[in-house]
2 protein chains.
Amino acid sequence: MADKKHSHEDCKKNILAVHDAMDVLNGKWTISIIAVLCFHQQRRFSDILADVKGISNRMLSKELKEMEMHKLVKRTVQDTQPITVLYELTEYGRKLQSVINNLSDWGHEHRKKVMGK
Amino acid sequence: MADKKHSHEDCKKNILAVHDAMDVLNGKWTISIIAVLCFHQQRRFSDILADVKGISNRMLSKELKEMEMHKLVKRTVQDTQPITVLYELTEYGRKLQSVINNLSDWGHEHRKKVMGK
DNA sequence: TTACCTGGTTACCTGAAGGTAACCATTACT
DNA sequence: AGTAATGGTTACCTTCAGGTAACCAGGTAA
């Protein structure tokens, strides 16, 4: 990785790869949820519900299930008084770390540009 | 940028930043179009139409307009025989380069994992 | 004058993504 | 018996993003 070549074939492959990535990362909330799990390594259902502004428990449940299917997150049930469920990124999901960091940096700049100025 | 701090406040800010970024980058085709413009610096309308598999001219037109409004892309009309229109990323849009590269890398891995194995 | 190329626009319609809100199972406290 | 907290599920409904397909306008050229 790192160095991008510039043959026509490589362009196509890269464009396709981005498309493939977005197939998994679509959905209104997916990226935001991954971001939450990037910045807090472990997080409970109700925590994520609070972190991601505007999401409903229904949608959070749905998205987490789908992300679990895609092997992006791991679900762990803890046998506490009222049951608690921990979500965390899998090793695979953690590879999106740099995507999220870059998005975060860009988002900060974007916010400055839109709000400030 | 680069080093992420870990106070509660910073988490919130980062999560918010990612959310802000996604506000602009939502839409089924946005990221794919940006990818095309990352990998070919300049591209005509009909080229992008061919590069992004499945998109219709209507949607491409809409998305490009929106991206222009958001100052992500620049539109240049060339006074050729049948008119040609060039699209390219603005300096601002080019800052998404690393996001796209990371997504491309991840997409390649993802494809291997899903297809291969 | 018919047809083709460009880069779109317009009207119309549909499906699925997502919202709302009520409900559920378990345990525990009072 | 009632209530609270956990982490969901279910049913129902609505919106709008996006698809399809036809059309447009300027220029070319046979």
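This report walks through a predicted model of protein chains A and B with DNA strands C and D.

## Chain A at a glance

Let's start with the overall make-up of chain A, which has six helices and three strands. Read from the N terminus, the order of these elements is α-α-β-α-α-β-β-α-α. A box of roughly 60 × 40 × 20 Å along the principal axes holds the C-alpha atoms of chain A.

Chain A has 117 residues, and 46% of them count as buried. If you look at its contacts between residues at least 6 apart in sequence, 46% join residues at least 24 apart.

## Surface and charge

The accessible surface of chain A is about 6800 Å², and carbon and sulfur atoms own 52% of that area. On the charge side, chain A carries 20 positive and 15 negative side chains. The centres of these two sets are 5 Å apart.

## Around DNA strand C

Both protein chains take part here. DNA strand C is surrounded by 19 residues, and the closest are A:Arg58, B:Ser46, B:Ser61, B:Arg75 and B:Tyr87. Of the strand C atoms within 4 Å of the protein, 62% are in sugar or phosphate, while the rest are in bases.

Some individual atom pairs are worth a look in your viewer. For the backbone of DNA strand C, a polar side-chain atom of B:Lys65 sits 3.2 Å from a phosphate oxygen, and a backbone N or O atom of A:Lys28 is 2.9 Å from a phosphate oxygen. For the bases, an N or O atom in the side chain of B:Asn57 lies 3.0 Å from a base nitrogen of strand C. The elements that give two or more residues to the surface near strand C are helix 4 (57-69) of chain A, along with helix 3 (45-51), helix 4 (57-69) and strand 3 (84-89) of chain B. Helix 4 of chain B gives the most, with four residues.

## Around DNA strand D

Now turn to the other DNA strand. Here, 19 residues surround DNA strand D, and the closest are A:Ser46, A:Ser61, A:Arg75, A:Tyr87 and B:Arg58. Sugar and phosphate make up 62% of the strand D atoms that come within 4 Å of the protein.

Chain A reaches a base of DNA strand D through A:Asn57, which has a polar side-chain atom 3.1 Å from a base nitrogen. A polar side-chain atom of A:Arg44 is 3.5 Å from a phosphate oxygen of strand D, and a backbone N or O atom of B:Lys28 is 2.8 Å from a phosphate oxygen of that strand. Two or more residues each come to the surface near strand D from helix 3 (45-51), helix 4 and strand 3 (84-89) of chain A, and from helix 4 of chain B. With four residues, helix 4 of chain A supplies the largest share of this surface.

## Two residues in helix 3

Helix 3 of chain A contains A:Asp51. A:Asp51 counts as buried because its relative accessible area is 18%, below the 20% cut-off. Beyond neighbours within four places in sequence, A:Asp51 is in contact with A:Val36, A:His40, A:Arg43 and B:Ile15.

A:Asp47 is also found in helix 3 of chain A, but it counts as partly exposed, at 25% relative accessibility. The C-alpha atoms of A:Asp47 and A:Arg94 are 19 Å apart, and 47 residues separate the two along the chain.

## A histidine facing chain B

A:His110 is in helix 6 (residues 97-115) of chain A and counts as buried, at 10% relative accessibility. Leaving out residues up to four places away in sequence, A:His110 touches B:Asp20, B:Val24 and B:Tyr92. With B:Tyr92 there is a polar contact between the two side chains, at 2.6 Å.

## Lysines with positive phi

If you are checking backbone torsions, have a look at A:Lys71, which has a positive phi of about 65° although it is not a glycine. A:Lys71 sits in the loop between helix 4 and strand 2 (73-78) of chain A. At 52% relative accessible area, A:Lys71 is exposed.

In chain B, the phi of B:Lys71 is positive and near 65°, again in a residue other than glycine. B:Lys71 is placed in the loop between helix 4 and strand 2 (73-78) of chain B. It counts as exposed because its relative accessibility is 52%, over the 50% cut-off.

Definitions and conventions
Residues numbered from 1 in each chain as written. Chains lettered and ligands numbered in written order. Predicted model: local features only at pLDDT ≥ 70, side-chain atom pairs only at ≥ 80, totals over all residues. Heavy atoms only, no water. Buried < 20%, exposed > 50% of the residue type's maximum accessible area, 1.4 Å probe, protein only. Contact = heavy atoms within 4.5 Å. Areas by Shrake-Rupley, 256 points an atom, 1.4 Å probe, with all protein chains shown as cover. Lys, Arg positive; Asp, Glu negative; His and termini not counted. Charge placed at Lys NZ, Arg CZ, Asp CG, Glu CD. Near = heavy atom within 4 Å. Polar contact = N/O pair within 3.5 Å; in protein donor to acceptor, adjacent residues only side chain to side chain.
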